[in-house]
Amino acid sequence: MSSTRRERRRERGAAAVEFAILLPVLLLLVLGAMDWGYYFFVEQVIVNAAREGARAGSLQLWATNASGAQSDAVATCRNFITQASLSLAATAAPCTATVTAGNVTVQASYSSGSLTGFAKTFVPTQATATAQMAR
């Protein structure tokens, strides 16, 4: 047998061993990227929902009274979350609004969790945002 044949024989299966060593790292990167991507999506939806709720509440406050502004802000915030295809069943009260001295403050929160279940210890479980707008 020639020396090149013997070398090839010794290296047989080396690629499979290298792949088996790198597979956990690749899975961590891919599934972690999916979980972080989902978290950032949920976070941006919650930030925008709080902002839109505060905007709607400030417009309602300018037009009518504080109780109408508060209910309109919460309804707009909840509507924004459902329009983004996030379930409101996961969180009991995702949006709260307070009206003080011509300002509307909306706090929104959502339990994001893990999409794949693989990197749930690395990804935050709650996305929260606060927005305030003046009359």
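## Just past helix H3

Right after H3, Ser85 takes a positive phi of about 65°. Keep in mind that this is a predicted model. The helix that comes before Ser85 is a good place to begin the tour.

H3 covers residues 66–83. With 18 residues, H3 reaches 26 Å from its first C-alpha to its last, close to the 26 Å expected at 1.5 Å a residue. Part of H3 is hidden away: Gly68, Ala69, Ala73, Cys77 and Ile81 are buried. Two of those, Cys77 and Ile81, turn up again below.

## The disulfide

How many disulfides does a search of the whole structure find? The search turns up 1, and that disulfide joins Cys77 to Cys95, with S to S at 2.1 Å. Cys77 sits in helix H3 and Cys95 in strand S1 (residues 95–100), so the pair ties together parts that are 18 residues apart in sequence. For anyone checking the chemistry, a disulfide is a covalent bond between the sulfur atoms of two cysteines.

What about handedness? The torsion about the S-S bond of Cys77 and Cys95 is about -65°, so the disulfide is left-handed. Are the two partners, Cys77 and Cys95, buried or exposed? Cys77 is buried, at a relative accessible area of 0%. Cys95 comes in at 6% relative accessibility, and because the cut-off for buried is under 20%, Cys95 counts as buried too.

## The sheet

Now for the strands. There's an open sheet of 3 strands in the order S1-S2-S3, with antiparallel pairing. S1 and S3 are the edge strands, each pairing on one side only. On average, neighbouring strands of this sheet are turned by 15° against each other, direction ignored.

S1 pairs with S2 (residues 103–111) over 6 bridges, in the antiparallel sense. Along that pairing, Thr98 stands opposite Thr105 in S2, and Val99 stands opposite Val104 in S2. The hairpin of S1 and S2 has 2 residues between the strands, and Ala101 takes a positive phi near 45° in this hairpin. On to the other pairing: S2 and S3 (residues 126–134) are antiparallel as well, over 9 bridges, with Gln107 standing opposite Thr130 in S3.

## Helix against sheet

Back to H3, which shares the disulfide with S1. H3 lies across S1 and S2, and runs at about 155° to S1.

Which residues does Ile81 touch, leaving out those up to four places away in sequence? The list is Val45, Ile46, Ala49, Leu86, Leu88, Pro94, Cys95 and Tyr110. So one of the disulfide's cysteines, Cys95, is among the residues Ile81 touches.

## The nonpolar core

In soluble globular proteins, nonpolar side chains tend to be buried together. Here, the largest nonpolar core has 25 residues, and those with the most contacts inside it are Ile46, Cys77, Ile81 and Val106. That puts the disulfide's Cys77 among the residues with the most contacts in this core.

Where do the core residues come from? Helix H2 (14–63), H3, S1, S2 and S3 each supply at least two of them. H2 gives the most, with 8 residues.

Technical notes
Residues are numbered from 1 along each chain as its sequence is written. This is a predicted model: local features need pLDDT of at least 70, side-chain atom pairs count only at pLDDT 80 or more; totals for chains, interfaces and linings use all residues. Side-chain values use heavy atoms; hydrogens and water are left out. A disulfide is a pair of cysteine sulfur atoms within 2.5 Å. Helices (H or I, at least four residues) and strands (E, at least two) are DSSP runs, numbered from the N terminus. Buried means under 20% relative accessible area, exposed over 50%, partly exposed in between (1.4 Å probe, protein chains only). Two strands pair if DSSP finds at least two bridges between them. The expected span of a helix is 1.5 Å times one less than its number of residues. Axes are lines fitted to C-alpha atoms, for helices over the stretch in contact, and angles run from 0 to 180 degrees between N-to-C directions. Contact means heavy atoms within 4.5 Å. A nonpolar core is a set of buried Ala, Val, Leu, Ile, Met, Phe, Trp, Tyr and Cys residues joined through side-chain atoms within 4.5 Å.
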